[in-house]
Amino acid sequence: MRKTLRSLAPLSLAVAVGVSLFGFGPPAAGAGPQPDLRPVEGLTRGLVAAQVPGGVFLSWRFLGDEPDGLSWNVYRKDGDAGFVKIAGIAPRDVQPESDYDANPGVVKEHVTPSNYTDPDGTITSVYEVAPVIDGVEGDRQGMSVSMLSALPGGAGQANRGAVHYIPMKPAPAPVPLAHFTYRGEGNRFGPGTNLNAANMVIPGTGGQNWYVVDMDLLRGFRSAHEEQTTVTQEQLDTWVAELNEKNTTPNTLGVATYESPRPLTNSLVGGKITEALYDELEGEFIKYVENLDAGQSLPYAKTGAGAIHTSQSSAYSTHDMTVGDFDGDGEYEVVVKWRSTQQDPMYSEPIFGGGNTTTAPEYIDAYKQDGTLLFRIDMGYNVRAANDHETTLFAEDFDGDGKSELMLKTALGTRIGNWDEATQSVVYPDSGVVGGQDGLNATTDKFKEYFSTGDDQALDTYWSLLNSFAISYRSPTAGGGNDGPNDPAIKRWIKTYHVGPIGPAKDDQEFFSAFEWDAEAGEGVLVDSEKYPFPYEASVDGENWAMTPATQRGNYSYLAFPGPGAGSSASDYKAQIMAESEAYWLEHPWKAASYGDAQGNRANRYVGVVAALDGVNKYAVSQRGYYHRTTLAAFNIEDGQVNLQANFDSADPEYWSLGGSAYDYQNRGNHDTKSADLDGDGWDEVVLKAMVLGLNADKTKILPKVLNGDVMPTIEGLDGVPPVVGQFQFATDEVRNNPLNVWAPLRHGDRGALLPVDKDNNIREWRHGGAPSRRPANGSPPRLDSRTGGLRPDEGQAARRERRGRLRELAPVGRVPGE
């Protein structure tokens, strides 16, 4: 049974408890908690002492229920002697840390630092600290961990850090990684194998490594159908003959779509291509594309005994970390991820070096600061690993019981285990596996069994493997790096394969799960799982492949018309150049990728943040995608079950709260997402790179509140030097409205600039002005004022407001200095 006792309370209750420690009485009866104050963690003082060259540096928490203007008493104990007060710290004016002309910082008046350097402290000293309010000393609290020892460091870095070591359990053992074949058994690829450009050359092509897809054939009858132009029977017969030739030609595996040519079922009507005829022609073209090269997917490599060829993953090492109070004692436990160190699979396989395919499962440990392992989570083969992008660690009290839970994006086979002292290993009970019976059939142990027995059927059923292809735009010849030569004269639409997590899951079973420490049972347990609302999709048409104007790695080739400010350097891999003749596919996408590419790169970029979206409950806000389609899903725990509270999807008009189109809401993120109460209403907003969102009134949607405009320069600098001397163009209306820039990627999440407070502590938020009649060329909506719901001030005007003693200035983005 889950305990309902809450050790967290709104700040007003916490203040009452805290003040009573100083000899004051509780609040009057009936004075309940203030509704605008949110629950906070019940943490200890968190005193830490670190050895430094000048003695011992102390730092501690200034708790949320403590008033400004308090003082501190600091105590030290040496040897067998008792504690002695060594310092009293009173309020004072604190100088800013920065001293830059452009951002001099702010003097903080009448504040009390919560740190102190004891010049007489030693490595064996023990400390306590107590708050003093109105001359009355509160509870003294001691050190959360033992003394942190100074780190020697390298040259110039000596004693610049201090550490307390937490002993860890042994790292997970390496696991098997599957190998595949490409164009026959002789081309086995996977970790440690040697597939390369030399053994990928296509005979009779002059050294090409990839097959070119005849997109001109599709374009011919597709454009005739779209425009309803008159088509002669001779033209139709020519298209049909070409399709039949392609579909009766064996691929590299000796397989043809048909043994002999096939006649059409439908015909022209009045010289026009009907919907039924087009569907038939397109279907024949799709069959040609699917069979081209080596078919729809690549086979597993098998040993002579019938097992699947595998190699052992690299050794595991520690990776990301976070903290949470899982046992409710007021001290943080440490959550740490284990990751095998093979290469990142985002590069997509097979390229001319076929070693970056499948990846080893990640593991996640939760440790007390004395090294006690509370639990270990095996993420399983169905979670994409080794790329920093998928497994975000959400540790917070999501159900309000005073203890943290760990929430994760999970998959079939993810499981939680506990340390067994007798066997000195982690034991995983069946009760802790995500996905029911399908999950039990998809654990790491089951995958090892399938590999050893060569059970293709089980792997194809339970492995969310992205083993498919895409039509990419790049050179058909290897060279010039993973993207190939950035030259539209040689680029073509090619068929390229991708092997690696994560693809379509069985029955779309992707999950978001909660794990916790059960103190009564003395073990970590799976609390519950909820279906993830945005499962993997390759194409918007439902295919497991797509056509994207991108290189094989996934960098967009949108610059068919590179005009001023668009970036046109062939040496910049993020400014891929496309032949003007291919702009048709930008204006008339076909088999478009749901998340921007079909190789698992953009679809499996996850970030997230913990946010009090409604001002009270903490939600794990998981974000899937940020370079194209962008989605958010907010989860908490209610009555022991994972609750999906609200969503956002840039592809769904239901969420376009500021008008416009999908373009205005996608591609506005990058590698980081934050939360903050930006408008002072008590509810946290979700802050992306160029968009701010918040929970709507009925708490079912996460809706955009502010589109920040284009924060990215449209000229990509070369080694930090703008290509145009003395000029660094931003995505202004002038640049946007230039018809030559219609396909320029006006936003890119990897680049940006900070706009800090000025010397008067004013925060400047740069935005476009304008009116509904002045819509930018990309179709973005009128710039609305998130404060009033009306149009923003005209350019050159600035609106000011006073909030919490800080002056904030709002000004249009179109007038950034230096434009």
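**A buried alanine, a helical trio and two sets of strands**

Ala360 is buried, with a relative accessible area of 1%. This alanine is a good place to start a tour of the structure, which is a predicted model. Ala360 is found in the loop that links β18 (333-340) to β19 (363-367). Along the chain, Ala360 and Pro176 are 184 residues apart, yet their C-alpha atoms are separated by 7.5 Å.

The wider setting can be described briefly. The protein has 819 residues, and 51% of them are buried. Its secondary structure comes to nine helices and 40 strands. Contacts that span long stretches of sequence are well represented: among those between residues at least 6 apart in sequence, 64% join residues at least 24 apart.

Helix α4 offers a helpful entry to the helical part, with α3 and α2 as its partners in the description that follows. Helix α3 covers residues 233-247 and helix α4 covers residues 275-291; the two pack with their axes 9 Å apart, at an angle of about 30 degrees. Angles under 35 degrees count as roughly parallel, and α3 and α4 are therefore roughly parallel to each other. Their crossing is left-handed. On the α3 side, the residues in contact are Leu236, Val240, Leu243, Lys246 and Asn247, and these meet Leu277, Leu281, Glu284, Phe285, Lys287 and Tyr288 in α4. Sorted by class, this contact of α3 with α4 has seven nonpolar residues, one polar residue and three charged residues.

Helix α2, made up of residues 215-227, also meets α4: the two axes come within 10 Å and cross at roughly 170 degrees. An angle over 145 degrees counts as roughly antiparallel, and this description therefore applies to α2 and α4. Here Met215, Leu217, Leu218, Phe221, Arg222 and His225 in α2 are in contact with Glu275, Tyr278, Leu281, Glu282 and Phe285 in α4. By class, the contact of α2 with α4 has seven nonpolar, one polar and three charged residues. Two α4 residues deserve a second look, as Leu281 and Phe285 appear in the contact with α3 and also in the contact with α2.

The loop between α2 and α3 holds Gln228. What is unusual about the backbone here? Most residues other than glycine have a negative phi. Gln228, although not a glycine, has a positive phi of about 50 degrees. With a relative accessible area of 35%, Gln228 is partly exposed. Another such case is Asp134, which is not a glycine either and has a positive phi of about 55 degrees. Asp134 sits in the loop between β8 (126-133) and β9 (136-137), and at 72% relative accessibility this aspartate counts as exposed.

Turning to the strands, β31 (residues 619-624) is mostly covered, with six of its six residues buried. In a regular strand the side chains alternate between the two faces of the sheet. For β31, both faces are covered: one side carries Tyr619, Val621 and Gln623, the other carries Ala620, Ser622 and Arg624, and all of these are buried. Strand β31 has a partner in β30 (residues 606-611), to which six bridges join it in an antiparallel arrangement. Within this pair, Val607 has Gln623 of β31 as its bridge partner. Strand β32 (residues 631-638) is joined to β31 by five bridges, and these two strands also run antiparallel. In this second pairing, Ala620 is matched with Phe635 in β32. Together β31 and β32 form a hairpin with six residues between them, and Gly625 in the turn has a positive phi of about 85 degrees.

Another group of strands completes the picture. Strands β26, β25 and β29 form an open sheet of three strands in the order β26-β25-β29, with mixed pairing. Its edge strands, each pairing on one side only, are β26 (492-501) and β29 (546-547). Strand β25 (residues 465-474) runs parallel to β29, and two bridges join them. Ile471 stands opposite Met547 in β29.

Methods. Residues numbered from 1 in each chain as written. Predicted model: local features only at pLDDT ≥ 70, side-chain atom pairs only at ≥ 80, totals over all residues. Heavy atoms only, no water. Pairing = 2+ DSSP bridges. Helix = DSSP H or I, 4+ residues; strand = E, 2+ residues; numbered from the N terminus. Axes fitted to C-alpha atoms, helices over the stretch in contact; angles between N-to-C directions. Parallel < 35°, antiparallel > 145°, perpendicular 65-115°, else oblique. Left-handed = near helix turned anticlockwise from the far one by under 90°. Contact = heavy atoms within 4.5 Å. Nonpolar A, V, L, I, M, F, W, Y, C, P; charged D, E, K, R; others polar. Buried < 20%, exposed > 50% of the residue type's maximum accessible area, 1.4 Å probe, protein only.
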